[in-house]
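Visitor: I have a model open in front of me and would like to go through it by question and answer. Please keep the reasoning short and end on the value or name I ask for.

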Amino acid sequence: MLDPFFLGSFRYANGVLLFIAILWIAEGRQALRYSGRFLPAAVYGLIGFCGFNILVWWGLAYTRPEHASIIMALQTPMTALAVWLTRGLRPAPFTVGCIAAAIGGVLLVVTKGDLSQVFGGGSLLGDLLVFLGAVSWVIYTMAGGHFSGWSPLRMTVLTCIPGTIGLIVINAFTIGLGYSALPTLDQVLSVKWQLGYFVVFTVVLGVLGFNNGVKYLGALNAMLMLNLIPIIVFAIEAWLGRSFAAIEIGGAALVIGALVANNLYMRRSAQRP
């Protein structure tokens, strides 16, 4: 019903208003000031909110959802590599093993054990767009160090504002080129409940939850948690009555096991003198 450009701008144009209201109530009007950090907030906001949303949703128009799931799972090793390159923190061999196991589990889940189908179907262009979107979110996840003294809520809101402006500008640009078109009011109203879910849950609660998680878990462990997405989808579909093959359940168990093992390992390492 809606193209990715309108969907992105609509989600965040409404979501950012909720963000601003929440920040104002929680931390006061002064928290809406950038205090000399507008440029980094704008750069990371455009990369994270604008880049991720446009590239991933655009890519999904050309490739299979299974491909996107696999590519998004690669955010974990990309984050580990980014932390290593930018901060000199080489991940422990055990964590690297957990990352590999989690990705392997995701592969089993989305391919049902037929790994020969990983590159079947889909489009290289779509896969590339999703990959660039995943890179965009990895870069945004690494932004926390540039906003020391800001709460996760404040960082989220003040980076989301320029990101939202970028989404609206890109949407207007694609309309001007004739590549996309504004939907009719009837089209928008026909998916009003879905749009409401997108704004409240995937924008406001989702982003706030993720940024708070990064603060307490660290960028690498937070990204590793994203491998739970296929498992959550499985749980919803099972509740709706779908049955699963043993290989799918085994892959889900492998993902959960890798997440738990790495979390316990990192906790134990943090407690060592």
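Guide: What follows is a set of questions and answers on this model, which is predicted.

Visitor: What length would be expected for helix α1 at 1.5 Å a residue?

Guide: Helix α1 covers residues 4-27, which is 24 residues. From the first C-alpha to the last it reaches 33 Å, close to the expected length. That expected value is 34 Å.

Visitor: Which residue caps the N-terminal end of α1?

Guide: The cap is made by a side-chain oxygen that lies 2.9 Å from the backbone nitrogen of F5. F5 is itself one of the buried residues of α1. The capping residue is D3.

Visitor: Which helices do the buried residues of α1 pack against?

Guide: The buried residues of α1 include F5, Y12, F19 and L23. Their packing partners are four helices: α2 (38-60), α7 (152-177), α8 (185-190) and α9 (192-217).

Visitor: Which residue just after α1 takes a positive phi, and which does so just after α9?

Guide: Just after α1, the phi is about 95°, and the residue is G28. Just after α9, the phi is about 90°, and the residue is G218.

Visitor: Where is the kink in α9 centred?

Guide: The 26 residues of α9 should span 38 Å at 1.5 Å a residue, and the end C-alpha atoms are 35 Å apart, which agrees. The helix nevertheless has a kink of about 35°. The kink is centred on G206.

Visitor: Which residues touch the most other members of the largest nonpolar core?

Guide: In soluble globular proteins, nonpolar side chains tend to be buried together. The largest nonpolar core here has 44 residues. The residues that touch the most other members are Y12, F19 and F147.

Visitor: Which element gives the largest share of this core?

Guide: The elements that give two or more residues to this core include α1, α3 (65-73), α6 (124-141) and α10 (219-225). The largest share is seven residues. Those seven come from α2.

Visitor: How many residues are in the second, separate core?

Guide: Among the members of this second core are A73, A102, I103 and V255. The core is separate, and its number of residues is 15.

Visitor: Is F49 buried or exposed?

Guide: F49 is found in helix α2. Beyond four places in sequence, its contacts include Y12, Y140, C160, L167 and V207. Y12 in turn has contacts with N53, T164 and V203, among others. With a relative accessible area of 0%, and the cut-off for buried being under 20%, F49 is buried.

Visitor: How far apart in space are F49 and V214?

Guide: V214 is one of the buried residues of α9. F49 and V214 are 165 residues apart in sequence. From C-alpha to C-alpha, they are 16 Å apart in space.

Visitor: How many disulfides does the structure hold, and which cysteine sulfur is nearest to that of C160?

Guide: A disulfide is a covalent bond between the sulfur atoms of two cysteines. The structure holds zero disulfides. C160 is buried at 0% relative accessibility, and the nearest cysteine sulfur is 11 Å away, that of C50.

Visitor: What does the side chain of S180 make a polar contact with?

Guide: S180 is found in the loop between α7 and α8 and is buried, with a relative accessible area of 10%. Its contacts beyond four places in sequence include D3, F5 and N171. The polar contact has a distance of 2.6 Å, and the partner is the side chain of T174.

Visitor: Which side chain is joined to that of S151 by a polar contact?

Guide: S151 is found in the loop between α6 and α7, and at 21% relative accessibility it counts as partly exposed. S151 and P183 are 32 residues apart in sequence and 37 Å apart in space, C-alpha to C-alpha. The polar contact is 2.4 Å, and the side chain joined to S151 is that of E27.

Visitor: What is the phi of S35?

Guide: S35 lies in the loop between α1 and α2 and is exposed, with a relative accessible area of 57%. Most residues other than glycine have a negative phi. S35 is a residue other than glycine with a positive value, near 50°.

How values were computed:
Residues are numbered from 1 along each chain as its sequence is written. This is a predicted model: local features need pLDDT of at least 70, side-chain atom pairs count only at pLDDT 80 or more; totals for chains, interfaces and linings use all residues. Side-chain values use heavy atoms; hydrogens and water are left out. The expected span of a helix is 1.5 Å times one less than its number of residues. Buried means under 20% relative accessible area, exposed over 50%, partly exposed in between (1.4 Å probe, protein chains only). Contact means heavy atoms within 4.5 Å. A polar contact is a pair of N or O atoms within 3.5 Å; within protein, one must be able to donate a hydrogen and the other to accept it, and residues adjacent in sequence count only if both atoms are side-chain atoms. The bend at a residue is the angle between axes fitted to the seven residues ending there and the seven starting there. A disulfide is a pair of cysteine sulfur atoms within 2.5 Å. A nonpolar core is a set of buried Ala, Val, Leu, Ile, Met, Phe, Trp, Tyr and Cys residues joined through side-chain atoms within 4.5 Å.
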